[in-house]
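Student: I have a structure open in front of me and would like to learn how to read it. Could we go through it together?

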Amino acid sequence: MRLIINKKKTGIHFLAFCLLLPSTLALADQNRITISTGMYPTDYPPLSWKDGRKGIVQKTLEAISERSDFDFTEEYYPFNRIIYKVGNGSLDLQAWSSPQWREGVSGKVYFTEPFAEHCEIIVQLQGSKLEVNQPGDLQGKRLGVVQNYTFKTFEPYFQSGEVIRHNSRDEVHALKLLEKGRNDAALMDEMVARHLIKTRFAGLFVTGKTFDCVPVTFMFSKSAEKHGIKINRILQKLKSEGVIDQIIKMYR
């Protein structure tokens with residue numbers, strides 16, 4: 001028996017399929033859920049960039065999106081504005097947060113389970129003779145930190161004036177002031193510090209003791225809590241499979 005193909009009918013069927021395909025894809029897109037995500041208006045390596053490069057936060061969101069029907073859109077606001085907007089429900093997510101940092105809005109938000117850890121680390125110039133094992137070792141010294149950030153272990157020393165807090169706009173600025181001798185040491189996010197020392201300030205600084213380690217979570221607005229619960233399950237799966245660790249290691 002010979003199979004005979006009716007080319008005319010086949011062409012009609014193919015045309016009908018092509019006409020149907022765009023509407024099918026559009027329907028698939030409509031079924032995806034968009035999560036508005038707060039990002040800083042400047043680069044914050046290695047967590048995020050604005051120029052098309054993807055940092056730890058962006059790659060983590062991408063991994064979640066690949067396993068779900070969630071898409072994440074970036075909205076750029078200053079640090080305090082992001083917290084405020086998630087708290088009042090006008091922004092869905094801050095994707096690198098901790099309950100220990102956000103006590104002021106804790107009743108207005110939903111936190112996922114932890115998926116990483118944040119620690120503050122002491123940074124000093126190469127060859128510095130100053131040993132910093134506790135805040136008291138910096139008595140009378142200037143410590144460079146990022147403005148608006150809270151450093152639990154050091155706050156009593158800042159308030160009493162035993163340690164002089166010198167605010168910088170970001171970690172890069174803090175390191176530049178340390179390089180110029182304007183500060184005796186700096187205290188900053190360990191992950192950010194190690195990345196900057198490796199990529200922008202090679203050979204200039206050494207890292208020391210860590211302080212105030214806290215769990216890192218996603219912080220969702222209450223209005224997006226049901227989505228946050230679903231995303232938490234995916235996030236914990238990525239953590240257990242080692243995907244989160246692999247992403248972080250890319251920047252160390």
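**Reading the fold, feature by feature**

Tutor: Let us start with helix 2: eight of its 11 residues are buried, so this helix is largely enclosed by the rest of the structure. Helices here are DSSP runs of H or I with at least four residues, strands are runs of E with at least two, and both are numbered from the N terminus. Buried means under 20% relative accessible area, exposed means over 50%, and partly exposed is in between, using a 1.4 Å probe and protein chains only. Keep in mind that this is a predicted model, where local features need pLDDT of at least 70 and side-chain atom pairs count only at pLDDT 80 or more, while totals for chains, interfaces and linings use all residues. Residues are numbered from 1 along each chain as its sequence is written, and side-chain values use heavy atoms, with hydrogens and water left out.

Student: Which residues of helix 2 are buried?

Tutor: They are Ile-56, Val-57, Gln-58, Thr-60, Leu-61, Ala-63, Ile-64 and Ser-65. For the wider setting, the chain has eight helices and nine strands, and buried residues make up 44% of its 252 residues.

Student: How do I read the way two helices cross, and at what angle do helix 2 and helix 7 do so?

Tutor: Axes are lines fitted to C-alpha atoms, for helices over the stretch in contact, and angles run from 0 to 180 degrees between N-to-C directions. Angles under 35 degrees count as roughly parallel, over 145 as roughly antiparallel, 65 to 115 as roughly perpendicular and the rest as oblique. The axes of helix 2 (residues 56-66) and helix 7 (residues 225-240) come within 10 Å and cross at roughly 110 degrees, so the two helices are roughly perpendicular to each other. On the helix 2 side, the contact (heavy atoms within 4.5 Å) is made by Thr-60, Ala-63 and Ile-64, and on the helix 7 side by Ile-231, Ile-234, Leu-235 and Leu-238.

Student: What about His-227: is this residue buried or exposed?

Tutor: His-227 is found in helix 7 and, at 16% relative accessibility, counts as buried. Setting aside residues up to four places away in sequence, His-227 touches Ile-33, Ile-35 and Phe-70.

Student: How many disulfides does the structure hold?

Tutor: The general idea is that a disulfide is a covalent bond between the sulfur atoms of two cysteines. In a model, one is recognised as a pair of cysteine sulfur atoms within 2.5 Å. This structure holds one: Cys-119 and Cys-213, with sulfur atoms 1.9 Å apart. The torsion about their S-S bond is about 115 degrees, so the disulfide is right-handed. Cys-119 lies in strand 5 (residues 116-125) and Cys-213 in strand 9 (residues 205-221), so the pair ties together parts that are 94 residues apart in sequence. Cys-119 is buried at 7% relative accessibility, whereas Cys-213 is partly exposed at 37%.

Student: Which residues have the most contacts inside the largest nonpolar core?

Tutor: In soluble globular proteins, nonpolar side chains tend to be buried together. A nonpolar core is a set of buried Ala, Val, Leu, Ile, Met, Phe, Trp, Tyr and Cys residues joined through side-chain atoms within 4.5 Å. Here the largest one has 70 residues, and those with the most contacts inside it are Trp-96, Ile-122, Val-123, Leu-143, Phe-154 and Phe-218. Strand 9 supplies the largest share of this core, six residues.

Student: What covers the buried residues of helix 5?

Tutor: Seven of the nine residues of helix 5 (residues 171-179) are buried, including His-173 and Leu-175. Their cover includes strand 5, strand 6 (142-146), strand 7 (164-168), strand 8 (185-189), helix 6 (190-199) and strand 9.

Student: Where should I look for unusual backbone geometry?

Tutor: Most residues other than glycine have a negative phi, and most peptide bonds are trans. In this chain, the peptide bond from Pro-45 to Pro-46 is cis, with omega near 5 degrees. Pro-46 sits in the loop between strand 1 (33-39) and helix 2. Asn-148 has a positive phi, near 75 degrees, and lies in the loop between strand 6 and helix 4 (155-160). Asp-212, found in strand 9, also has a positive phi, near 50 degrees.
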